[in-house]
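Visitor: I would like to learn how to read a few features of a structure, taking each one slowly. Could we begin with the structure itself on display?

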Amino acid sequence: MIRLEPIHTSHKHYAFVEKLMQTAFPLQERRDAIPQREQTDSNPLFFTNLISEGEKPIGFITYWNLGTFYYIEHFAIDNLFRNKGFGKAALGMIKNTLDKPIILEVELPTDETTLRRIRFYEKLGFTLQTDYPYLQPPYREGDDWFPLKLMTTGADFTQDELEQCKKLIHQKVYSLT
């Protein structure tokens, strides 16, 4: 049975989370290690959760409580444990725990891998916001903005509401003003 556990950098498995973050996400889609650790330990809006089976760490999920919605920033299952239902179970647990709509970013649906990821989220009740253009701000100075799509659950967002959510994500997550 899987378990979700909120953790900080002092947790014995934080190194696992940090390593998986670095292998599962390209540099342009994540913070450097030190700013990530600072978010994990100091930001009351940010949550890092270890996903484990028994005592074995198998993945992680990070999210932000942005008041009227939650924003899932990163979600990964270790390669050794993929395609075994752990990701579905973990995301289902998060959805049942969080009491507001959830928003996350996905890559543009351009190939079988990105389409498979989108279908995974759709099976769990997320809706791809196909008519809403979205660019992920860079995590570090000098990097480019990155085209992605938003997926949502728990509410039918209007374009204006998505725009307000985007502004809040950009401000709180990416430190844009």
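Visitor: Does Lys166 count as buried, or as exposed?

Guide: Please keep in mind that this is a predicted model. Buried is the word for a relative accessible area under 20%, and Lys166, at 19% relative accessibility, therefore counts as buried. Glu163, at 26% relative accessibility, counts as partly exposed.

Visitor: With which residue does Lys166 form a salt bridge?

Guide: Side chains of opposite charge can pair when their charged atoms come close. In this case Lys166 pairs with Glu163, and their closest N and O atoms are 3.1 Å apart. Both residues lie in helix H5, 3 residues apart, which is about one turn of the helix.

Visitor: Which residues are joined into one network by salt bridges that share partners?

Guide: That network is made of Arg3, Glu5, Lys12 and Glu55, and the structure holds 10 salt bridges in total. Within the network, Glu5 forms a salt bridge with Arg3, the closest N and O atoms being 3.6 Å apart, while for Glu55 and Arg3 the corresponding distance is 3.9 Å. The pair of Glu55 and Arg3 links distant parts of the chain, since Arg3 lies in strand E1 and Glu55 in the loop between strand E2 and strand E3, 52 residues apart. As for accessibility, Arg3 is partly exposed at 34% and Glu5 is partly exposed at 21%, whereas Glu55 is exposed at 57%.

Visitor: How should I read the backbone, and where is Asn83 placed?

Guide: One feature to look for is the sign of phi at residues other than glycine. Asn83 is placed in the loop between strand E4 and helix H3, and it has a positive phi of about 65 degrees although it is not a glycine. Ser175, in the segment after helix H5, likewise has a positive phi, of about 55 degrees, without being a glycine. Asn83 is exposed, with a relative accessible area of 83%, and Ser175 also counts as exposed, at 57%.

Visitor: Turning to the interior, how many cavities of 30 Å³ or more does a search of the whole structure find?

Guide: The search finds 1 such cavity, and its volume is about 80 Å³. Among the residues that line this cavity are Tyr14, Glu18, Arg30 and Gln36. Helix H1 gives the most to the lining, with 4 residues, and the lining as a whole divides into 3 nonpolar, 2 polar and 4 charged residues.

Visitor: Which residues make the nonpolar surface patch?

Guide: Leu135, Trp145 and Leu176 make this patch, which covers about 270 Å². Leu135 lies in strand E7 and is partly exposed, with a relative accessible area of 41%.

Definitions and conventions: Residues are numbered from 1 along each chain as its sequence is written. This is a predicted model: local features need pLDDT of at least 70, side-chain atom pairs count only at pLDDT 80 or more; totals for chains, interfaces and linings use all residues. Side-chain values use heavy atoms; hydrogens and water are left out. On a 1 Å grid over the protein atoms alone, a cavity is a set of points where a 1.4 Å probe fits but cannot get out, and a pocket is an open set with protein on both sides within 12 Å along at least five of seven lines; lining residues have an atom within 4 Å of a point. Grid points are joined across faces, edges and corners, and a volume is the space filled by probe spheres set on the points. Helices (H or I, at least four residues) and strands (E, at least two) are DSSP runs, numbered from the N terminus. Ala, Val, Leu, Ile, Met, Phe, Trp, Tyr, Cys and Pro count as nonpolar, Asp, Glu, Lys and Arg as charged, and the others, Gly among them, as polar. Patches are made of residues with over 30% relative accessible area and no salt bridge: like charges are joined within 9 Å, nonpolar side chains (Val, Leu, Ile, Met, Phe, Trp, Tyr) within 5 Å. Accessible areas come from the Shrake-Rupley method with a 1.4 Å probe; for residues, only the protein chains shown count as cover. A salt bridge is a side-chain nitrogen of Lys or Arg within 4 Å of a carboxyl oxygen of Asp or Glu. Buried means under 20% relative accessible area, exposed over 50%, partly exposed in between (1.4 Å probe, protein chains only).
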